[in-house]
Amino acid sequence: GCEDWVKDSISQIKTDIQTLKGLNAPFYKVKGASVYLGLSERRVYSLISDGDIAYYKNKQGKIRFSRKQLEDYETYKEFPVNAKNN
């Protein structure tokens, strides 16, 4: 009932706070990058494989992004020919 809803809401808020704290990190994981850019994780992986976004790999081979890399991607977002707002 109502109590479960409150528990679920609190749990979600805690998750959101953890995600937001991650947005101030010097390096972002793919999940953090997807939140920052407002894209799905799958889309972020396709940007990586298409060479559309710069990234780092740490010693363990994990993909990481600097805030600058994410901001640069945001700055240079491509608009298709039929886009009305370019």
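**Around helix α2**

Trainee: Which residues of α2 are buried?
Mentor: Start with the words: a residue is buried under 20% relative accessible area, exposed over 50% and partly exposed in between (1.4 Å probe, protein chains only). Helices (H or I, at least four residues) and strands (E, at least two) are DSSP runs, numbered from the N terminus. For α2, the buried residues are Val30, Gly32, Ala33, Ser34 and Leu37.

Trainee: What pLDDT do local features need here?
Mentor: Residues are numbered from 1 along each chain as its sequence is written, and side-chain values use heavy atoms, leaving out hydrogens and water. This is a predicted model, so totals for chains, interfaces and linings use all residues, side-chain atom pairs count only at pLDDT 80 or more, and for local features the need is pLDDT of at least 70.

Trainee: In what order do the elements of the protein chain run?
Mentor: You'll find 4 helices and 3 strands in the protein chain. Reading from the N terminus on, the order is α-β-α-α-β-β-α.

Trainee: Which elements do the buried residues of α2 pack against?
Mentor: Think in terms of contact, which means heavy atoms within 4.5 Å. The buried residues of α2 pack against β1 (27-28), α3, β3 and α4.

Trainee: Is Ser34 buried or exposed?
Mentor: Ser34 sits in helix α2. Leaving aside neighbours within four places in sequence, Ser34 is in contact with Leu39, Ser40, Glu41 and Val44. With a relative accessibility of 7%, Ser34 counts as buried.

Trainee: What comes after α2, and where does Leu39 lie?
Mentor: Right after α2 you meet Gly38, whose phi is positive, near 70°. Leu39 is partly exposed, at 25% relative accessibility. Setting aside neighbours within four places in sequence, Leu39 is in contact with Ser34, Val44, Leu47 and Tyr73. As for its place, Leu39 lies in the loop between α2 and α3.

Trainee: How many residues make up the largest nonpolar core?
Mentor: A nonpolar core is a set of buried Ala, Val, Leu, Ile, Met, Phe, Trp, Tyr and Cys residues joined through side-chain atoms within 4.5 Å. The largest one includes Val30, Ala33, Leu37 and Val44, and the full count is 12 residues.

Trainee: Which elements give two or more residues to this core?
Mentor: In general, nonpolar side chains in soluble globular proteins tend to be buried together. Val44, for one, touches Val30, Ala33, Ser34, Leu39 and Phe65, not counting residues up to four places away. The elements giving two or more residues are α2 (30-37), α3 (41-50), β3 (63-66) and α4 (67-75).

Trainee: How are Tyr28 and Tyr36 arranged as an aromatic pair?
Mentor: Rings of Phe, Tyr and Trp (its six-membered ring) pair if their centres lie within 6.5 Å; planes under 30 degrees apart are stacked, over 60 edge-to-face and the rest tilted. A search of the whole structure finds 3 aromatic pairs. Tyr28 and Tyr36 form one, with 5.5 Å centre to centre and 70° between the planes, which makes it edge-to-face.

Trainee: Which of these two tyrosines is buried, and which is partly exposed?
Mentor: Look at the relative accessible areas: 1% for Tyr28 and 25% for Tyr36. So Tyr28 is the buried one, and the partly exposed one is Tyr36.
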